[in-house]
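Here is a short report for a first look at this structure. It goes from aromatic rings to sheets, and then to the chain as a whole.

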Amino acid sequence: MFDQAWESDQLEDVTATVIENIEQMYRENAPELVYYLALYRIFHEFLDDVSTDNLPKEGTGFRDSRIWSLLYDFQKDAVLAIINKLQTYNGCILADSVGLGKTFTALAVIKYFESLNRNVLVLCPKKLSDNWMTYRNNQRNNPIAEDRLRYDVLYHTDLSRKRGKTATGLDLETINWGSYDLVVIDESHNFRNGEDTATAAKDGEGGTENRYQRLLNHVIREGVPTKVLMLSATPVNNRFRDLRNQLALAYQGDPEAWSEKLGLSNNIEQVFSNAQRAFKAWSQQPAENRTTESLMDSLDFDFFRVLDEVTVARSRKHIQRYYDMSAIGPFPRRNDPISIYPDLTTQENGATYSEIAGSLSLLNLAVYMPSQYLLPSAVFKYEDKNGNLTTGGRETGVRRLMAANLLKRLESSVSSFRLTLERVFSLMNTTLNTIVVFKEMGASGEASVSVSDLSQDFDFDADDSEALDFSVGGKVQYDLRDLDWKTWERDICDDAQTIEGLLHMIDGIDAEHDAKLLKLESLIAKKVAHPINPGNKKVIVFTAFADTADYLYEHISAFVEEQLGLGVAEVTGTGGGKTTLEGVRGDLSEILTCFSPVSKERDKVYPRLAGKDIDILIATDCISEGQNLQDCDYLVNYDIHWNPVRIVQRFGRVDRIGSKNEVIQLVNFWPCEDLDNYIHLKGRVEDRMRMTVMTSTGDDDYINEDEKGDLEYRKQQLEQMQHEVVDLEDVSGGVSITDLGLNDFRMDLVAYHQANPDIDRVPTGIDAVVEGYEPGIIFVLRNVNQALDAKTRNQIHPFYLVYVRDDGEIAHGYLDPKDTLDAMRRLCRGKSEPDAELCRAYNKATKNGRDMRVASQLLRAAIESIVDEKAEADVDSFFTGGTTSFLENDVAGLDDFELVCFLVVRAHG
């Protein structure tokens, strides 16, 4: 039998392969080879699955484009990953942190698809239209004009319109919605509510579609197959359903097919349901236990797989740690934030913030709750076809918003607070007068009342305006004969008396006695006199409310012109802007260009405005997203937004890649120094609004359902912001999806494998030596014991990566494979030859591999970090007999793991 087989022609001579493997194991290896071997072993199935159709087609020439030449390496990595994800899954979210150039990354993706003669639509907020229009038009300030991009631009709000022209001149009545091969949605978190808040057009019931439904049904589903690229630094606000609703635009109503393509063990809808359930349980934990790490630990493998496959999300820290910053240039250094706690007034014995907030907690705001006073016999008149009193839920939401709005405006400015009190007082008096006329008619005539459309009458911050936009609806008319109008009249009168008292408390606080305004004036004067960067006098002042911005502009502009001789401007998003500079129009583009003339290339774009500098800008959150204002180095939050994401977004206008400022400063005005007292007062106002639970809906959180008055949690976030400038992913207890994906490594492998297809012939067990700041060993292991699977939540199972420092401490454990791969990438990529000096030193330390005791100890630490109570004998067997058995593919005695490769990190010097 043996002779017959030996003489046959079916045998293959493997002598050369064996000799090559032996030589490979005993020669000095390049660090790069160890890195790519690790990638090949871990992700080789990706190479099997990936189609050339899903990789960027090099023949398009998009790498020769102007936009590609302007990208940093981390942006180029993102472009290649996004193209692959779009081709594979039809959707991707680019969620890089604030200030990392997501627009330029997206422009390179657009250039690629246009190179394939595809039609592209950009959907953006109206306030960001200038950015996108510039890059497609023949304008002097278009740095990529030679690429001749031709995408269409629509505003988010265009999806709610039936007629009119788009930004690029298209007629909304005749536009071919289904003709777009790629849709790029800037600030895609604006679509995070999906169909959740739609009141019509669900499940074939007809009615009017909301923006999300129109986008999904007519732009994405109809016509040609459409891919969706979403841009947002905050795709998750405070629930994972935000992310689900955005990704649902990619799977276009077919979750089963998408789930199968992703390789999930559960349906994608179930994955997000499980994630939301985990989030809810996490949000109910004590504040001190509610960390981002604990939330991540509670999520399952499928959720991380979704993030890995269809998102690109890198933090600023990631870019600084793993990319060549000499090519990028440093980010500006952040000074510690300055916290200011002004009084309300300079008057002696004047009202305090705490006293006024205490009076606010007495309000019932009954005028916004007529449905609460419906007579039982009349309820049926106001029910929907399902027997639900939906108006009650809406009114509860309105009342919640108004209560929060009063407190927020008190925190913002006395002037803004006064205006709101007067508006509420006017509504109360109008309603009371209607009731008086009704009584004069003998309480029998026809008389109707309603809660008016608040968006027309009141100034809300951006988040509350969005809640009104999506959730509240229009007027509902109530017949007074259907109400217990006597009780309602009494409750409104009680509230009106409280409002009168509040107006009296702030009666004497004008601009001359406004302690907060005076402090801002002195702060600006000090900054101008003592710039933190040579010659830079610029200051941007953010407020949540247009009323406060108007008040500040009125008084700050006069002070600055008279005392400092500088230009001042205001932008609020509610009408035209204002400026003290002659020749500068109240146009948002002109104002921002004169405020940040270098970054926005003013002298090239508007030669007539050369030399016209705006140094003090007062703004609302209408410019807190997407604007590059990095000429400025000093940002003031005149009020602290209740949503910490807004604070980070505001600072992102000046804290940006490519800033010429060496240092930047954040200044926060706080309502009071005693955070405990502040949080308690806020809680009292919220609790007052929760006292009435609508029996018809059982829900007193119709709108801000996630704002639960979690006082300790809010306190934790505020305390953090008092002492440090935070990134989105670092907000205490926040939810971030940055730095979780592994796609960078897959794309590294694809590129390397194309040039080095014989990587599959490299034997396991090889090592390399590299220089680094954390001396130790990175072990790449493969689990061969399937029973271990149930004990782990390892994202790359059956492979296990552990980085052990020389002192035996774990630098990166097996549940953090991305951190370890990032470290390997930084240490190894580009090092295609072994470092002879490092290798000699290591060989000397290990006596040419005969003394591996130190490595044995580190491996023991690595194994113990994976499997509890592993026998030391199993670990020791790695090194029994010296280096030879250590490097064998099948390590005798160690049943759970085989060694793929390892990287020895030696100290610098």
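## Aromatic pairs

Rings of Phe, Tyr and Trp (its six-membered ring) count as a pair if their centres lie within 6.5 Å. Planes over 60 degrees apart make a pair edge-to-face. By this rule, the model, which is predicted, holds 22 aromatic pairs.

Phe74 and Tyr323 are one such pair. Their centres are 6.1 Å apart, with 65 degrees between the planes, so the pair is edge-to-face. What does this pair tie together? Phe74 lies in helix α5 (residues 73-89), and Tyr323 lies in the loop between α14 (316-322) and α15 (325-328). The pair therefore links parts that are 249 residues apart in sequence. Both Phe74 and Tyr323 are buried.

## A ring cluster and two charges over rings

Phe303 and Phe304 also form an edge-to-face pair. Here the centres are 6.1 Å apart, and the planes make 75 degrees. Are these two residues buried or exposed? Phe303 is buried, at a relative accessible area of 1%. Phe304 is buried too, at 15%. Both belong to a cluster linked by ring pairs, together with Phe240, Phe272, Phe279 and Trp282.

Charged side chains sit over rings as well. Arg409 lies over the face of Phe545, 5.1 Å from the ring centre. Lys516 places its charged end over the ring of Tyr638, at 4.3 Å from the centre.

## A parallel sheet of six strands

Strands of a sheet pair through backbone hydrogen bonds, in parallel or antiparallel fashion. One open sheet has six strands, in the order β3-β2-β4-β5-β1-β6. Its pairing is parallel. At the edges are β3 (152-155) and β6 (311-312), and each pairs on one side only.

Inside this sheet, β1 (residues 91-94) runs parallel to β5 (residues 227-231). Four bridges join the two strands. Leu94 stands opposite Leu231 of β5.

## A mixed sheet of five strands

Another open sheet has five strands, with mixed pairing. The order is β17-β21-β18-β19-β20. Its edge strands are β17 (766-772) and β20 (810-812), each paired on one side only. On average, neighbouring strands are turned by 25 degrees against each other, direction ignored.

Which helices lie against these strands? Helix α30 (residues 817-828) packs on the sheet. Helix α30 touches β17, β18 (776-783), β19 (799-805), β20 and β21, and its direction makes about 65 degrees with that of β19. Helix α32 (residues 853-866) lies across β18, β19, β20 and β21. Helix α32 runs at about 50 degrees to β18.

## Where β17 meets β21

Strands β17 and β21 run parallel and are joined by seven bridges. Val769 has Val904 of β21 as its bridge partner.

Ala907 is in strand β21 (residues 897-907). This residue is partly exposed, with a relative accessible area of 43%. Which residues does Ala907 contact, leaving aside neighbours within four places in sequence? They are Glu771, Gly772 and Pro775. Ala907 and Pro775 are 132 residues apart in sequence, yet their C-alpha atoms are 5.2 Å apart in space.

## The whole protein

The protein has 34 helices and 21 strands. Of its 909 residues, 58% count as buried. Among contacts with a separation of 6 or more, 77% join residues 24 or more positions apart. The accessible surface comes to about 38100 Å², and 45% of that belongs to carbon and sulfur atoms.

Key:
Residues are numbered from 1 along each chain as its sequence is written. This is a predicted model: local features need pLDDT of at least 70, side-chain atom pairs count only at pLDDT 80 or more; totals for chains, interfaces and linings use all residues. Side-chain values use heavy atoms; hydrogens and water are left out. Two strands pair if DSSP finds at least two bridges between them. Rings of Phe, Tyr and Trp (its six-membered ring) pair if their centres lie within 6.5 Å; planes under 30 degrees apart count as stacked, over 60 as edge-to-face and the rest as tilted. Buried means under 20% relative accessible area, exposed over 50%, partly exposed in between (1.4 Å probe, protein chains only). A charge sits over a ring if NZ of Lys or CZ of Arg is within 6 Å of the ring centre and within 35 degrees of the ring normal. Contact means heavy atoms within 4.5 Å. Accessible areas come from the Shrake-Rupley method with a 1.4 Å probe; for residues, only the protein chains shown count as cover. Axes are lines fitted to C-alpha atoms, for helices over the stretch in contact, and angles run from 0 to 180 degrees between N-to-C directions.
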